[in-house]
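Student: I am new to this structure and would like a close look at one part, the largest nonpolar core. Which residues have the most contacts inside it?

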Amino acid sequence: MNTFPAERTAIVTGAVSERGIGRATVNYLAAQGWNIGIIDLDDALCKATAKELSEQYGVQAHGVGANVGDETSVRNAIDELEANLPQIVALANVAGVSSPVPYLELDAAEWDRVLGINLNGVHYATRRVAESMVKNRIGRIVNISSVSAQRGGGTFSKTPYSVAKAGVIGLTRATARELGEYDITVNAISPGPIDTDIMGGTLSQERKEELTKDLVVNRVGSTRDIAAAIAFLISEDSGYISGQTLNVDGGLYMH
């Protein structure tokens with residue numbers, strides 16, 4: 001079992017939105033002593049968020065603006081993060097977009113947009129980070145799928161979102177198989193209803209109650225619930241878990 005270096009970095013994509021899973025994740029990980037690399041669309045916001053993390057938690061943090069749907073953009077961003085931070089040990093692919101367009105109104109541009117960010121973006125970041133992890137023979141990668149992939153939608157977002165998130169599960173399993181020999185684990189988290197803006201804006205109390213009817217717990221999820229699951233799957237102790245999809249969904253989908 002390869003041990004983690006004393007100084008280790010986790011890269012998180014989609015990490016600047018105040019109410020998002022990515023932002024909750026970088027705060028949670030920084031509090032645990034991880035150095036943080038941030039990738040999101042807005043370079044200035046990435047850098048401001050990194051500065052906040054450094055000041056609040058006393059860790060090293062660096063942010064770079066990039067579009068995860070563009071491979072060159074992603075590779076350049078990760079090159080910069082690697083040059084400015086300690087060894088990359090973990091990657092959390094959180095960046096994503098919603099898509100409430102009904103199937104019969106769906107056009108090619110919307111399909112390509114959603115697949116480009118939600119599936120290709122996970123591949124591009126994983127592919128680049130894997131190069132460094134293979135050299136160091138240690139790594140933890142966590143991808144965000146969705147219960148929408150497993151149930152065929154039924155959430156705010158519809159078909160292209162479900163397809164992309166199902167692709168993330170396939171990508172997770174295949175990369176886990178190929179990268180395992182280098183002591184790299186790859187897992188997915190499948191959130192159920194979480195109170196974030198990707199659900200179509202802040203959830204009203206009425207909407208929360210409606211969503212909770214389908215769950216076996218008495219509340220919708222919080223971004224911290226997902227951040228804690230990511231923290232577990234990138235920890236040193238999770239090295240015997242790979243190729244799995246962890247549902248953090250209040251019991252919505254049991255399989």
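Tutor: Here is a walk through that core, followed by its setting in the chain. Please keep in mind that this is a predicted model, where local features need pLDDT of at least 70, side-chain atom pairs count only at pLDDT 80 or more, and totals for chains, interfaces and linings use all residues. Residues are numbered from 1 along each chain as its sequence is written, and side-chain values use heavy atoms, with hydrogens and water left out.

A nonpolar core is a set of buried Ala, Val, Leu, Ile, Met, Phe, Trp, Tyr and Cys residues joined through side-chain atoms within 4.5 Å, and buried means under 20% relative accessible area (1.4 Å probe, protein chains only). The largest one here has 35 residues, and those with the most contacts inside it are Leu29, Trp34, Ile36, Ile38, Ile189, Ile230 and Ile234. Elements giving two or more residues to this core include strand 1 (9–13), helix 1 (21–31), strand 2 (35–40) and helix 8 (223–233); helices (H or I, at least four residues) and strands (E, at least two) are DSSP runs, numbered from the N terminus.

Now look at Trp34. Leaving aside residues up to four places away in sequence, Trp34 touches Phe4, Arg8, Thr9, Ala10, Leu29, Val59, Val89, Ala90 and Ile234, where contact means heavy atoms within 4.5 Å. A second, separate core of 27 residues includes Leu81, Val97, Tyr124 and Ala176.

Stepping back, the chain has eight helices and seven strands, and buried residues make up 52% of its 255 residues. Of the contacts with a separation of 6 or more, 73% join residues 24 or more positions apart.

Note on methods
Buried < 20%, exposed > 50% of the residue type's maximum accessible area, 1.4 Å probe, protein only.
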